[in-house]
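Trainee: Got a minute to walk through a model with me? I'd like to start with how a helix bend is defined.
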Amino acid sequence: MLFGRKISFDENDFDTVVAACIAGNNQAQRHLYKQFFGYSKSICLRYTSTTEEAEEVLNEGFLKVFNNLGKYDSNHPFKAWLRTIMVNTAISYYRKHKKHSEDMISLEDAPYPKFEEDIIGQITADEILELIQKIKPVYKNVFLLYVVDGYNHREIADLLQINEATVRSHYVRARARLQHLVKQYYPNLFPSDWAVKSFRGNEN
């Protein structure tokens, strides 16, 4: 039960906030929710396609947070624990609502330009994240899990319920698609004689 019994806590003492939340203190739970709302929503927005989807994931994620707060180990950063829950909730939402509609990837996704690390590095993290939202979720999620949230390929395969080879393929395609978008939206970063090479050619 989220908003229930009262128990004293100090807003400046995180341990007492957590203890009060576990005890069902509605004020402590609201305080924790407000404190980490922005951070959590930013994670949910990365892994969803619309604000409405992000809010669904956010609400479900916080429900899991409060239901499992007693399992949180205070020896580890709370944000890392919270992030894991939000990411897992977002991926579960994706698997439930999007997986089967994206099993088949159209041929138009095949040829992409060679990925240039130095060119990608010339735009900001926020600009990159904005472009990533334009990538198909089936690729985007792999890219975010690996690059932003630090999961390895095996962990991503387990989360998305696909094999590791597919994870690696999706990651390379996401990188290539990202550079394609960078060229489209930031053409000034590319030399005039920049040559487009096929994705298959980049694998060899």
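Mentor: Sure. The bend at a residue is the angle between two axes, one fitted to the seven residues ending there and one to the seven starting there. Keep in mind that this model is predicted.

Trainee: OK, where does helix 2 bend, and by how much?
Mentor: At Phe37, by about 55 degrees.

Trainee: What caps the N-terminal end of helix 2?
Mentor: Asn25 does. One of its side-chain oxygens lies 2.8 Å from the backbone nitrogen of Gln27.

Trainee: Switching to Ser40. Which helix is it in?
Mentor: Helix 2, which covers residues 26-47.

Trainee: Buried or exposed?
Mentor: Buried, because its relative accessibility is 0% and the cut-off for buried is under 20%.

Trainee: What does Ser40 touch?
Mentor: Leu58, Phe62, Leu82 and Met86, leaving aside residues up to four places away in sequence.

Trainee: Which other residues of helix 2 are buried?
Mentor: Among them are Leu32, Phe36, Ile43 and Cys44. Polar and charged names turn up too, including Asn26, Lys41 and Arg46.

Trainee: And what do the buried residues of helix 2 pack against?
Mentor: Helix 1 (14-22), helix 3 (51-68), helix 4 (78-97), helix 6 (125-132) and helix 7 (137-148).

Trainee: New topic, the surface. Which residues form a nonpolar patch?
Mentor: Tyr146, Val147 and Val148. Together they have about 220 Å² of accessible area.

Trainee: Why does Val148 count as partly exposed?
Mentor: Because its relative accessibility is 33%, and partly exposed runs between the 20% and 50% cut-offs. Val148 lies in helix 7.

Notes: Residues numbered from 1 in each chain as written. Predicted model: local features only at pLDDT ≥ 70, side-chain atom pairs only at ≥ 80, totals over all residues. Heavy atoms only, no water. Helix = DSSP H or I, 4+ residues; strand = E, 2+ residues; numbered from the N terminus. Buried < 20%, exposed > 50% of the residue type's maximum accessible area, 1.4 Å probe, protein only. Contact = heavy atoms within 4.5 Å. Polar contact = N/O pair within 3.5 Å; in protein donor to acceptor, adjacent residues only side chain to side chain. Patch = residues over 30% accessible without salt bridge, like charges linked within 9 Å, V, L, I, M, F, W, Y side chains within 5 Å. Areas by Shrake-Rupley, 256 points an atom, 1.4 Å probe, with all protein chains shown as cover. Salt bridge = Lys/Arg side-chain N within 4 Å of Asp/Glu carboxyl O.
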